[in-house]
Each structure stands twice: as structure tokens, then as C-alpha cells.
Amino acid sequence: MANALESELNSTERKFLELCTQVVGDCGLRLYDFQYNPASGLLQVFIENPETGTALIEDCVKVDRGFDAFMEESWLPANLTLEVSSPGVYRNLVTREHFSSAIGQLVMLNLKKRYEEIVGLENCPKKLKGQKKVKLKLVSQTDHGLALEFDGQSVEIPFADIKKANLETD
């Protein structure tokens, strides 16, 4: 879960990761994340300025144009559609670096099991009982998961129990 950009990628996705990292880096920006859908041919590239944590429209245009030189590569699918954008306010949290940058903020976790099955019934507030989608404050990150807080109560949720995570607002 926490290292999705570096693991569990097939060979085409690995090539996309290398290409995206190169193009975005050549533009003086950082690759935040990418998603490739082979069925539709959609390649979504999420970028950010390392200084601001977001991207302007000018940054997106620069990266989009940076891909032009590579669009004739033989391994690229014929139906490829490129979409470049900022990761947004509700950005996905995928890597350990993403989680580290979100410490102190609210996160929405989509869990693989009900909340009380992960933290134990005795640590489960009534509001969260039976829930697989929970909004908690990210306190810290451990080697195996996330330390979180809800209504003053601290819990740890292992990465293995997290299906998806993203930033949330108050």
C-alpha cells in the first residue's frame, strides 16, 4: 500500500513511471503520482512544484509539451490519452513520502475490514463502528502503518488494512 509507485507495477507501468519521472523532472517539477488505465488508454500524471506542493496550469502545460518528444515511442499504446494535473486538495496518499507530508492533517481511509476489526471493539468509538470508510487525524507513520487519532483516542492502522487513503478537509 505505502509504496505503490515503486512496487506492484507491471512492465508497461514501470516504463510509464520512468518516462513520467524523467519528463516531469526535466520540467523542474516532481511526479506526485500517476495512473494508467490500459482499457481506455488514459495516462493521468499528477505533478507538483516541490516548493509549493501544488502545480499551476503553466506547469501542467509545460509537462504536457515535455511528453511530445516521446509520443512516437514504439511501446506506447496507440490509444494513449495524456492528462496532466495537480494532485488536488483531496489528493491520494500512496507513498510513505505522501503520508509524511500529511502528518497533522485529516485523512480519509478506505479500509479492507470494518474499523473495529482492525483496532478492536474496545478502541472503537460508536461513530466508527461498522465503518470501512473513516476520517481520522494522521499523527505519525510507523514502519508498518499509520498512527491516527479520533476524538482524542489514538490507534494504529497497518498499511495492509488500508485499501485507499486521501487527504480530507475539516
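Reader: What makes the set of 25 residues a nonpolar core?

Author: In this predicted model, the largest nonpolar core has 25 residues, and those with the most contacts inside it are L109, Y115, L136, L148 and I157. A core requires buried nonpolar residues joined through side-chain atoms within 4.5 Å, so membership implies both burial and a side-chain link. Two or more residues each come from β4 (106-111), α4 (115-119), β5 (133-141), β6 (145-150), β7 (153-158) and β8 (162-167). Apart from this core lies another, of 24 residues, including L9, F34, L43 and A55.

Reader: Which residues is I157 in contact with, beyond its neighbours in sequence?

Author: Leaving aside neighbours within four places, I157 is in contact with L109, L111, Y115, I118, V119, L136, G145, L146, L148 and I162. Contact here requires heavy atoms within 4.5 Å.

Reader: Why is β6 called largely enclosed?

Author: Five of the six residues of β6 are buried, so the strand is largely enclosed by the rest of the structure. On one side of the pairing, β5 and β6 run antiparallel over four bridges, and L138 has L148 of β6 as its bridge partner. Three residues make the hairpin connection from β5 to β6. Six bridges join β6 to β7, also in the antiparallel sense, with A147 opposite E156 of β7. Two bridges are enough for strands to count as paired, so four bridges for β5 and β6 satisfy the criterion, and so do six for β6 and β7.

Reader: What phi does D151 take, and where is D151 found?

Author: D151 takes a positive phi near 50 degrees in the hairpin of β6 and β7, which has two residues between the strands. The value is positive in a residue other than glycine.

Reader: Is D151 buried or exposed?

Author: D151 has a relative accessible area of 61%. The cut-off for exposed is over 50%, so D151 is exposed.

Reader: How do you know that E48 is buried?

Author: The relative accessible area of E48 is 6%; buried means under 20%, so E48 qualifies. E48 is found in strand β2. Not counting residues up to four places away in sequence, E48 touches L29, R30, Y32, G53, T54, A55, P87 and R91.

Reader: What makes the pair E48 and R91 a polar contact?

Author: The side chains of E48 and R91 are joined at 3.1 Å. The limit for a pair of N or O atoms is 3.5 Å, so this distance falls within it.

Reader: How do you know that the buried residues of helix α2 are on the same side?

Author: In α2 (residues 57-66), D59, C60 and V63 are buried. These residues cover an arc of only 100 degrees around the axis, which puts them on the same side of α2. I57, E58 and R65 are exposed on the other side. The buried residues of α2 pack against α1 (11-26), β2 (42-48) and β3 (81-85).

Reader: Why are C27 and C60 not called a disulfide?

Author: The sulfur of C27 is 10 Å from the closest cysteine sulfur, in C60, too far for a bond. The cut-off is 2.5 Å, so the pair does not count. The structure holds zero disulfides.

Reader: Are C27 and C60 buried or exposed?

Author: C27 has a relative accessible area of 14%, and C60 is at 8%. Buried means under 20%, so C27 is buried and so is C60.

Key: Residues are numbered from 1 along each chain as its sequence is written. This is a predicted model: local features need pLDDT of at least 70, side-chain atom pairs count only at pLDDT 80 or more; totals for chains, interfaces and linings use all residues. Side-chain values use heavy atoms; hydrogens and water are left out. Buried means under 20% relative accessible area, exposed over 50%, partly exposed in between (1.4 Å probe, protein chains only). The arc is that of the directions from the helix axis to the C-beta atoms. A polar contact is a pair of N or O atoms within 3.5 Å; within protein, one must be able to donate a hydrogen and the other to accept it, and residues adjacent in sequence count only if both atoms are side-chain atoms.
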